[in-house]
Amino acid sequence: MNIWHIARKEISDGLRNRWLLAISLLFAILAAGIAWFGSATAGQVGFSSIAATIASLASLATFLVPLIALLLAYDSIVGEDEGGTLLLLLTYPLGRGQLLLGKFAGHGVILALATLLGFGSAALAIGLLVPDVDLQVLLVSFVRFILSATLLGWVFLAMAYVLSALAREKSTAAGLALGVWFVFVLVFDLALLALLVFSQGKLSPALLPYLLLFNPTDIFRQLNIMGLDENASLEGVMSLASELPLGNAGLWLSLMIWLGVMLAAAHFSLKARKI
């Protein structure tokens, strides 16, 4: 019950602050725009294919979902501490683990609903407006995409709790959150490419594909691109994914391991925080 009360408060705050509405509208507008205008650079306007749409949406979600998750939760602990409510909450029969799970449940529901409503509306529009579209492939592709995007968001929610529990000020937590987003979304793949170039073949070829598992955004992209077409041509660092001896089940498990590890780290950081 304690976890439910905390979760309900976070959901109520999210609705009052228009987080759910804003994220849902953002996802819906961008997803619809990509579905119909994603091929504009090639001189085509209109829906092209499910595979191209999912690939473009996966690239979009790689940037947006982690950022939104971090912004949603970066001040969850340190903000409560600065406002004096964290100490008050812990005077009740409420453990720190329960507090963390309650916040995660509330924020997780907001993120899951926004992802479902936003990207789901784009799938509905495609199904209704595009003639002769394969509805079964459309449904399977978007269900996989929405579930994996939600799981990716939950991973970064858990990361945000770690940062929030470690930081002493909200401004510090915000800076750390942006730094984490920058590293995982922008820097990691560039660093991996640089490693491949400068190693000059000294690294074991069998080891290289496993390095992608150290970045949840790369796992997410593999799930959606390779899940739609196992023979899809990948460019850049993602070309290593074709050598990774893991099926879809292994990739799903990898994302869930990321979530479990981050939640455990958040719990440890919150327990170690002095209030």
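## Helix α1 against helix α6

In helix α1, residues N2, I3, I6, A7, E10, I11 and G14 meet Q98, L99, L101, G102, K103, A105, G106, H107, V109 and I110 of helix α6. The structure is a predicted model, and the contacts described here are those computed from its atoms. Helix α1 covers residues 2-16, and its axis lies 7 Å from that of α6, at a packing angle of about 40°.

An angle of about 40° is not under 35 degrees, the limit for roughly parallel helices; α1 and α6 are therefore oblique to each other. The crossing of α1 past α6 is right-handed.

## Helix α2 against helix α6

Helix α6, residues 96-129, also packs with helix α2, residues 19-37; their axes come within 8 Å and cross at roughly 30°. Because this angle falls under 35 degrees, α2 is roughly parallel to α6. The contact draws on L20, I23, S24, F27, A28, A31, A32, A35 and W36 from α2. On the side of α6, the participants are I110, L113, A114, T115, L117, G118, F119, S121, A122, A125, I126 and L129. The two helices cross in a right-handed sense.

I110 of α6 thus appears in the contact with α1 and again in the contact with α2.

## Overall architecture

The protein contains 10 helices and zero strands. Along the sequence, the order of elements reads α-α-α-α-α-α-α-α-α-α. Of the 275 residues, 46% are buried. The protein exposes about 13,500 Å², and carbon and sulfur atoms supply 69% of that area.

Contacts between residues at least 6 apart in sequence were also examined: 83% of them join residues at least 24 apart.

## Annotated transmembrane regions

An unreviewed UniProt entry lists residues 20-38, 50-74, 104-130, 142-163, 175-198 and 249-270 under "transmembrane region". Two of these spans can be described from the model. Residues 104-130 are 96% helix and 0% strand, and the C-alpha atoms at the ends of the span lie 37 Å apart. Residues 142-163 are 100% helix and 0% strand, with end C-alpha atoms 31 Å apart.

## Helix α3 against helix α7

Helix α3 comprises residues 50-73 and packs against α7 at an angle of about 25°, with the axes of the two helices 8 Å apart. This angle makes α3 roughly parallel to α7. The crossing of α3 and α7 is right-handed.

S56 belongs to helix α3. With a relative accessible area of 29%, S56 is partly exposed, since that class lies between the 20% and 50% limits. S56 and A35 are 21 residues apart in sequence, and their C-alpha atoms are 8.3 Å apart in space. A35 is itself one of the α2 residues that make the contact with α6.

## The end of helix α7 and the loop that follows

S164 is part of helix α7, which covers residues 135-166. Is S164 buried or exposed? S164 counts as buried because its relative accessibility is 0%, and the limit for burial is under 20%. Setting aside residues up to four places away in sequence, S164 touches A73, Y74, D75, S76, I77, V78, A173 and R273.

A167 lies in the loop between α7 and α8. A167 is also buried, because its relative accessibility is 3%. Apart from its neighbours within four places in sequence, A167 is in contact with V78, T172, A173, L176 and R273. V78, A173 and R273 are therefore contacts of S164 as well as of A167. How far apart in space are the C-alpha atoms of A167 and R273? They are 9.2 Å apart, although the two residues are separated by 106 residues in sequence.

## F182 in helix α8

Helix α8 spans residues 170-199, and F182 is found in this helix. At 43% relative accessibility, F182 counts as partly exposed. The C-alpha atoms of F182 and P66 are separated by 10.0 Å, while the residues themselves are 116 residues apart along the chain.

Conventions:
Residues numbered from 1 in each chain as written. Predicted model: local features only at pLDDT ≥ 70, side-chain atom pairs only at ≥ 80, totals over all residues. Heavy atoms only, no water. UniProt positions renumbered as here; feature names shortened; annotations may be inferred. Helix = DSSP H or I, 4+ residues; strand = E, 2+ residues; numbered from the N terminus. Buried < 20%, exposed > 50% of the residue type's maximum accessible area, 1.4 Å probe, protein only. Contact = heavy atoms within 4.5 Å. Areas by Shrake-Rupley, 256 points an atom, 1.4 Å probe, with all protein chains shown as cover. Axes fitted to C-alpha atoms, helices over the stretch in contact; angles between N-to-C directions. Parallel < 35°, antiparallel > 145°, perpendicular 65-115°, else oblique. Left-handed = near helix turned anticlockwise from the far one by under 90°.
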